Every structure is written in structure tokens, then in C-alpha cells.
Protein chains: 2
Amino acid sequence: MQQAANREAFAARLRAVGEARYHDKHPFHRQLHGGQCSMTQVQAWVINRYYYQSRIPMKDAAFLSRCEDPQLRRAWRNRIEDHDGGVDDGGGIRRWLKLAEAVGLDPDYVASTRGVLAGTRFAVEAYVHFVREKPMLEAVASSLTEMFAPAIHANRIAGLIEHYAFANDSALAYFRQRLNEAPKEVAFGLNYVLDHADTLEKQDASVAALTFKTDVLWSQLDVLSHAYVSPGLIPPGGWDGREGVIS
Amino acid sequence: MQQAANREAFAARLRAVGEARYHDKHPFHRQLHGGQCSMTQVQAWVINRYYYQSRIPMKDAAFLSRCEDPQLRRAWRNRIEDHDGGVDDGGGIRRWLKLAEAVGLDPDYVASTRGVLAGTRFAVEAYVHFVREKPMLEAVASSLTEMFAPAIHANRIAGLIEHYAFANDSALAYFRQRLNEAPKEVAFGLNYVLDHADTLEKQDASVAALTFKTDVLWSQLDVLSHAYVSPGLIPPGGWDGREGVIS
């Protein structure tokens, strides 16, 4: 049996997954952050990405539901709290709906998830199922795309402010807040994976889990682009560019 | 509570789902059957569609695993038998690999499912999960896209023979055999759904299940087209147009 890589080499292997295939490299993000998206394309992104946001607390609840260690549950639970927030004030999901309003969408329409592309649903549900079914180590490893998120959020905030009139503080609150929340989650998740992947086989499985998660993110932008950018073929049931638009 | 539609009206509602959104209407199929696909595009289709074929017996096993009625299990089991066949002779899956060979692909490469697009996996796995998790009526209803399959298979056989040199009897055996198998499965599945959807709510759920399944099929062609037709952006991990090509 081959030996496990040491902690630093294994961490570098995980980071290399992001360098090779994190969705900051997808053409849609370059368009979005460079100001080349029409408002309809921005709206389509907000509608579809909401589906991902809406499933994150369900994904984390699936994780908690399988987690026998109360200390791990305590540490993980804040992810649900960050996204759902309190009954009165809400959290990340409600901040995403502020972005929806800012780009001229009815937040109730967005929250209904009607018009979300089937391909978006399939990719996001694959993530929920993965966390529900795979070994805990792989479930944690799949969350590590957050290692690469602060850079894309910082780029996004700067790009949206530069190029789009809607990009005020309320619209961008989701991303700014994630810049505060993500580093703590990343540190915890990364340490967990570095500690628990104590064989090469587990390291390989962790890398595969993180790769899977980059596919989940990339695939969402592929189906979005196919429907609303090029060739612009909206599949049956997909948002038509008009429903839920209020301004 | 609104009353259930009668048998004929409900059957017409199910058929209307196919008329509106079965994947025979997808531009990729028009290209494929009209001879406008390059061999690389045909190969990409064969590689990705294999993933769907490979999961059908697992989907049907998930169905059997939840089915308490031995008579229903007996009637349903032939679907696994048709696709997997015997240890020596094989079935639909092995016939699909004959098609792979005919279009110049190494069948072992295709069977490995390396290079299958992430979006293909997500759509197909969504189907397997659906059948594993939903009420039995909806699981059966989701199979009813087979009502619309004979027409597309007949078109495909004619179109491939007319336009592509590879289209001999061995290459097309999968489709010809499905023309024999599908009508029996359709008759059974349709009768089951017509018999068991005895409230409007169950009829609505059956229509939604069939709609979901059309999304599973349509989405596969969307991700295939995005990667290999227009804009031709192959996602990370997707088949590169070369691996597994033997002629």
C-alpha cells in the first residue's frame, strides 16, 4: 500500500483541484464580473443560483443528521445558522433575495424556484445526495470549494460595483457577509480533512469529493450559459426572461 | 376537492407531456438524425448516453427493492433482464457497446464511463434517486417516456442508415431490439398509472413525474450540445474528443 502524503503535500493537492477547475475559470463568471452580461442574464443567474443557496442548509442538515459526534455537530451547525438566520432577521438566503430585488426580480418568484433550470436542480441535488450518502470525510471534503470562494467573492463585488447600476450595499450584502463567514468554515473543514485522511486511499477519496463539488458548481454555469448566453436555448420549463420581473 | 379526470382524459394529459417536451424535439436529435453531426459529436453522444443505459438496471433494481408485491416485481423484473441480459449473451447494454465499436470507440473506454460529462451524471443520477425515493406511482409514471420512444427509435434507425456509413445491423441492434421490448413495458406501466392514479392529486403527481423524466432526457442533450456543438465548451473532466477513439 502506498503511503499517505504528508499534511502540506495533501493540502497542496486539494488546492490544485481549485486551481484546475473551480468555477472562477468559467466564461460566464468572466462575463458577469466584466460587465458583459445583460440584465436578463444577471437575472437568470440570480434565479438559478438561488436554488443552490436554498439547498445549502438542507445539505448541512443532512450532514448533521448523520453525525454522531456532538462536538462536530456544534461546530457544523453554524453553517445552517449563517444561511437561514433567525426567524425575524433571516440570513444568507434572505440576503440573496435582496440581491434578487436589486436586479429587478420579485423575491417571491425567486423563492418559489419556479423557472429554475432542470440542469441546475440536478447538479444541486447531486450535492445534497452526495452529503447524505458518502462517508463523512468525503462529505466534509466536498465543502472545501469554500477555500477558493473568498477570491471570487472579492472579484465579484469589485466587478459588479464597477459595471452595474444595481450593485449597492444591500444588493451585495450576501457576498460581503460570506467574506466574513467563509474563513472560519474553511479552517475547520480543511483541518478536519487533513486530520482524518490518514491513508492515501482517504486522501484520494477527499480529492475526488472536492473534484465532484467543482463539477457541481461548473455544471450550473454550463446549463445557465446554454440557456441564456450561447446558444441561448431555454429548455422546457426554464425561466422565459419575463416571469417575476418587476422593473 | 376536485375530481380525478376519467381514464381517457388522464391518458391524454400524459401524452401531452411528450408532445410538449420529449427530447425528440431537441435540436441535437434533429442534427443527429439529419446527418449533420460530425463523428466526434456522434461519439460524444454514444459515450454520454451509455451512462444513461448503464444506470437503467440500477434504477429498476431500486424500484424492485421497494416493491412489496411479488406480482408487480415479476412483471417489472424483465426490464433488468432486457438491459443486462445473461452472463454470456448480455442485453441492451452490450448492444449499446456494439454501437460504440461501430462508431470507432473502444467499448472498454465507453464502459469505464470516464469522460462522461458531469451534467450527464447529475441528470441520470437524479432519475435513479427519484425512483429510489418517490411514491411507487410516481416511480412508474416516470418510466412512461417510453410511450414516446418507439417513434424516435424508428426515426433514428432511418436517419442513421441514410446518413452514416457506420450504421449497419450490429450498430443499430440496440434500437431495433427496443422497438420489440418497449411496447410491452409501456402497456404495463401506463395501465398501472391509469389504475392507481385515482384522485386528481395523484394524477397531477403522475404528470409531474413524467415531466421530471422529460427534463432528465432533455438536460442530457443540453449538456452534450454545450460541450460538443455550441458553444463547444468541454467542461473539466469531459471527454476530449480523442481518448478511447480506435479508428
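This passage describes the contacts between two chains, a long helix, several salt bridges and some local backbone features in a predicted model.

The interface between the chains was examined at the outset. In the predicted model, 26 residues of chain A are in contact with 26 residues of chain B. Together the two chains bury about 2,000 Å² between them, and carbon and sulfur atoms account for 70% of that area. Three residues, Phe122(A), His226(A) and Pro236(A), provide 31% of the area that chain A buries against chain B, more than any other three residues. Two salt bridges are counted between chain A and chain B. A salt bridge joins the side chains of Glu133(A) and Arg132(B), with an N to O distance of 3.9 Å. Four residue pairs between chain A and chain B are in polar contact, with both residues at pLDDT 80 or more. On the side of chain A that touches chain B, the elements that give two or more residues are helix H7 (118–133) and helix H11 (200–228) of chain A. The largest share comes from H11(A), which gives nine residues. Sorted by class, this side of chain A has 13 nonpolar, eight polar and five charged residues.

Helix H11 was also considered in chain B, where it covers residues 200–228. For its 29 residues, a rise of 1.5 Å a residue leads to an expected span of 42 Å. The C-alpha atoms at the ends of H11(B) are 42 Å apart, so the expected span and the model agree. Of the 29 residues of H11(B), 25 are buried, so this helix is largely enclosed by the rest of the structure.

Over all chains, the structure holds 38 salt bridges. In one of them, Asp215(B) pairs with Arg21(B), the closest N and O atoms being 2.6 Å apart. Asp215(B) belongs to helix H11 of chain B and Arg21(B) to helix H1 (residues 7–21) of chain B, so the salt bridge ties together parts that are 194 residues apart in sequence. Asp215(B) has a relative accessibility of 16% and counts as buried. Arg21(B), at 16% relative accessibility, counts as buried.

A salt bridge in chain B also links Glu181(B) and Arg95(B), with the closest N and O atoms 3.5 Å apart. Here too, distant parts of the chain are linked: Glu181(B) is in helix H10 (residues 173–196) of chain B and Arg95(B) is in helix H5 (residues 92–102) of chain B, 86 residues apart. With 8% relative accessibility, Glu181(B) counts as buried. Arg95(B) has 21% relative accessibility. Because burial requires a value under 20%, Arg95(B) is classed as partly exposed.

Helix H10 of chain B also holds Arg178(B), which forms a salt bridge with Glu146(B). The closest N and O atoms of Glu146(B) and Arg178(B) are 2.6 Å apart. Glu146(B) lies in the loop between helix H8 (136–142) and helix H9 (149–163) of chain B, so its pairing with Arg178(B) ties together parts that are 32 residues apart in sequence. Both Glu146(B) and Arg178(B) are buried. In chain A, salt bridges with shared partners join Arg79(A), Arg95(A), Glu146(A), Arg178(A), Glu181(A) and Glu185(A) into one network.

Local features were then considered. Ser142(A) sits in the loop between helix H8 (136–141) and helix H9 (149–163) of chain A. Its relative accessible area is 0%, so Ser142(A) is buried. Apart from neighbours within four places in sequence, Ser142(A) is in contact with Tyr127(A), Phe130(A), Val131(A), Ala209(A) and Lys213(A).

A cis peptide bond connects Ser230(A) to Pro231(A), with omega about 5°. Pro231(A) is in the segment after H11 of chain A. In chain B, the peptide bond from Ser230(B) to Pro231(B) is cis, with omega near 5°, and Pro231(B) lies in the segment after H11 of chain B.

Thr113(A) has a phi near 60°, a positive value in a residue other than glycine. Thr113(A) is located in the loop between helix H6 (107–112) and H7 of chain A, and its relative accessible area of 12% makes it buried. For Thr113(B), phi is near 60°, also positive in a residue other than glycine. Thr113(B) is placed in the loop between helix H6 (107–112) and helix H7 (118–133) of chain B. At 13% relative accessibility, Thr113(B) counts as buried.

Definitions and conventions: Residues are numbered from 1 along each chain as its sequence is written. Chains are lettered from A and ligands numbered from 1 in the order in which they are written. Side-chain values use heavy atoms; hydrogens and water are left out. Contact means heavy atoms within 4.5 Å. Buried area is the accessible area (1.4 Å probe) that two parts lose on being put together, summed over both. A salt bridge is a side-chain nitrogen of Lys or Arg within 4 Å of a carboxyl oxygen of Asp or Glu. A polar contact is a pair of N or O atoms within 3.5 Å; within protein, one must be able to donate a hydrogen and the other to accept it, and residues adjacent in sequence count only if both atoms are side-chain atoms. Helices (H or I, at least four residues) and strands (E, at least two) are DSSP runs, numbered from the N terminus. Ala, Val, Leu, Ile, Met, Phe, Trp, Tyr, Cys and Pro count as nonpolar, Asp, Glu, Lys and Arg as charged, and the others, Gly among them, as polar. The expected span of a helix is 1.5 Å times one less than its number of residues. Buried means under 20% relative accessible area, exposed over 50%, partly exposed in between (1.4 Å probe, protein chains only).
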